[in-house]
Amino acid sequence: MNERLLILTEALSKEVKKVINDYKVTEQELLRAIDFLNETGKQNEFHLLSDVLGISVEVNELTHGVHHDHHENTTSYNVEGPLYRDEAPLLNRPVKLCGDDEPGEILLLSGQVLSSKDGSPLANAILDVWQANEHGYYENQDPDQEEFNLRGRLQTDEEGRYEFKTILPGAYEIGRGGPVGEFLKAQARHAWRPAHIHFKVTAEDHTPLTTMLFVPDDPYIDSDTIGAVKDSLILKLNKSYDEELAKSYHIKDHFFISSFDFILRAK
Ligand code: BEZ
Ligand code: FE
């Protein structure tokens, strides 16, 4: 017997009955909801439904957030999303997440991976990075991109430092064509996620950190359809005029620089 399941079912049923009574839900509405859920299952969109209902982020926050174990000084976690791929290539310095001809505004992101215990730098930590191109498409959604474009794993140096060149990703719409897209449209809700870069950071004796960093000033930064934006995860971008840096990454145009330190929980 699964007692936890029984408790959660009873609690959920109680809340749903309250909504039914408060809003006088009709039989017709119930049948429409059942049709919608059947279609959502058929098209494998239950995870997406959990995302746009804000459930995925809520559970992630409860599982990893500061309330969890009073680790206020660590980097905020965030949901992984459905577009992660295992075994992205290990990239050597100077690290480039895409070819030099990738369209988009160039970004050089750097920083350190640090321990929550004493702030010490974590050498040989791995950052597994994945992001969309400037039009908001991940490589595995877009036949025009090369395998593992804008994905890669990089390792921190002896001082826990990392640095890589990429482009600013574009915002994208999620699940527009299916039942969840219809569900959003019926409520006049948009389906946009503001531009972001995903990370999984791992280091010895530390809890792995899955998170994402957001591009500032994105038009959807205050209305992410899955509600994942946290202020502490919004990058600060600066224009760079460093010619040496530009040369070492074969950058001919202007480019942005940004710095972000990841603080991992010591086990
Ligand atoms: C993403 O960030 O890649 C994502 C998250 C939730 C739903 C769809 C995409
Ligand atoms: Fe994403």
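These legends go with close-up views of a predicted model.

**Figure 1. The whole chain sets the scene for the close-ups.** Seven helices and twelve strands make up the chain. Along the principal axes, its C-alpha atoms fill a box of roughly 70 × 40 × 30 Å. The chain has 267 residues, and 41% of them count as buried. By the rule used here, the salt bridges come to 14, and several of them appear in the views below.

**Figure 2. Two tyrosines and two histidines hold the iron ion (ligand 2)**. Here you can pick out the protein donors: the OH atoms of Tyr 138 and Tyr 172, and the NE2 atoms of His 196 and His 198. They lie 1.9 to 2.1 Å from the iron ion. Written as a sequence pattern, the donor residues are spaced Y-x33-Y-x23-H-x1-H. Tyr 172 sits in strand β6 (residues 172–173) and His 198 in strand β8 (residues 196–202), so this pair ties together parts that are 26 residues apart in sequence. Both Tyr 172 and His 198 are buried. Six donor atoms surround the iron ion, and the arrangement is irregular because the angles they subtend run from 53 to 168 degrees. For reference, the ideal angles for six octahedral donors are 90 or 180 degrees.

**Figure 3. Helices α1 and α2 share a nonpolar surface patch**. The patch covers about 850 Å² and is made by Leu 12, Val 16, Val 19, Ile 20, Tyr 23, Val 25, Leu 30, Leu 31 and Ile 34. Helix α1 (3–23) and helix α2 (27–42) each supply at least two of the patch residues, with the largest share, five residues, coming from α1. Look for Leu 12 in helix α1; Leu 12 is exposed, with a relative accessible area of 56%.

**Figure 4. Helix α4 has a buried side and an exposed side**. Within α4 (residues 55–64), the buried residues include Ser 56, Val 57 and Asn 60. These three are on the same side of α4, because they cover an arc of only 95 degrees around the axis. On the other side of the helix, Glu 58 and Leu 62 are exposed.

**Figure 5. Glu 61 of helix α4 reaches Lys 230 through a salt bridge**. The closest N and O atoms of this pair are 2.6 Å apart. Lys 230 belongs to the loop between β9 (209–214) and β10 (238–240), so the contact with Glu 61 ties together parts that are 169 residues apart in sequence. Glu 61 is partly exposed at 28% relative accessible area, while Lys 230 is buried at 15%.

**Figure 6. Lys 165 and Asp 100 form a salt bridge between distant parts of the chain**. Their closest N and O atoms are 2.6 Å apart. Lys 165 is in strand β5 (residues 161–167), and Asp 100 is in the loop between β1 (95–96) and β2 (106–115), 65 residues apart. Lys 165 is buried, with a relative accessible area of 3%, whereas Asp 100 counts as partly exposed at 42%.

**Figure 7. A salt bridge within helix α6, and a network of four residues**. Glu 182 and Lys 185 meet in a salt bridge at 3.5 Å, N to O. The two are three residues apart in helix α6 (residues 179–186), so about one helical turn separates them. Glu 182 is partly exposed at 42% relative accessible area, and Lys 185 is exposed at 59%. A further view shows Arg 85, Glu 139, Glu 147 and Arg 151, which are linked in a network of salt bridges.

Definitions and conventions:
Residues numbered from 1 in each chain as written. Chains lettered and ligands numbered in written order. Predicted model: local features only at pLDDT ≥ 70, side-chain atom pairs only at ≥ 80, totals over all residues. Heavy atoms only, no water. Donors = N, O, S within 2.8 Å, 3.2 Å for Na, K, Ca; no water. Tetrahedral: all angles 85-135°; square planar, octahedral: opposite > 155°, others 65-115°. Buried < 20%, exposed > 50% of the residue type's maximum accessible area, 1.4 Å probe, protein only. Patch = residues over 30% accessible without salt bridge, like charges linked within 9 Å, V, L, I, M, F, W, Y side chains within 5 Å. Areas by Shrake-Rupley, 256 points an atom, 1.4 Å probe, with all protein chains shown as cover. Salt bridge = Lys/Arg side-chain N within 4 Å of Asp/Glu carboxyl O. Arc of directions from axis to C-beta.
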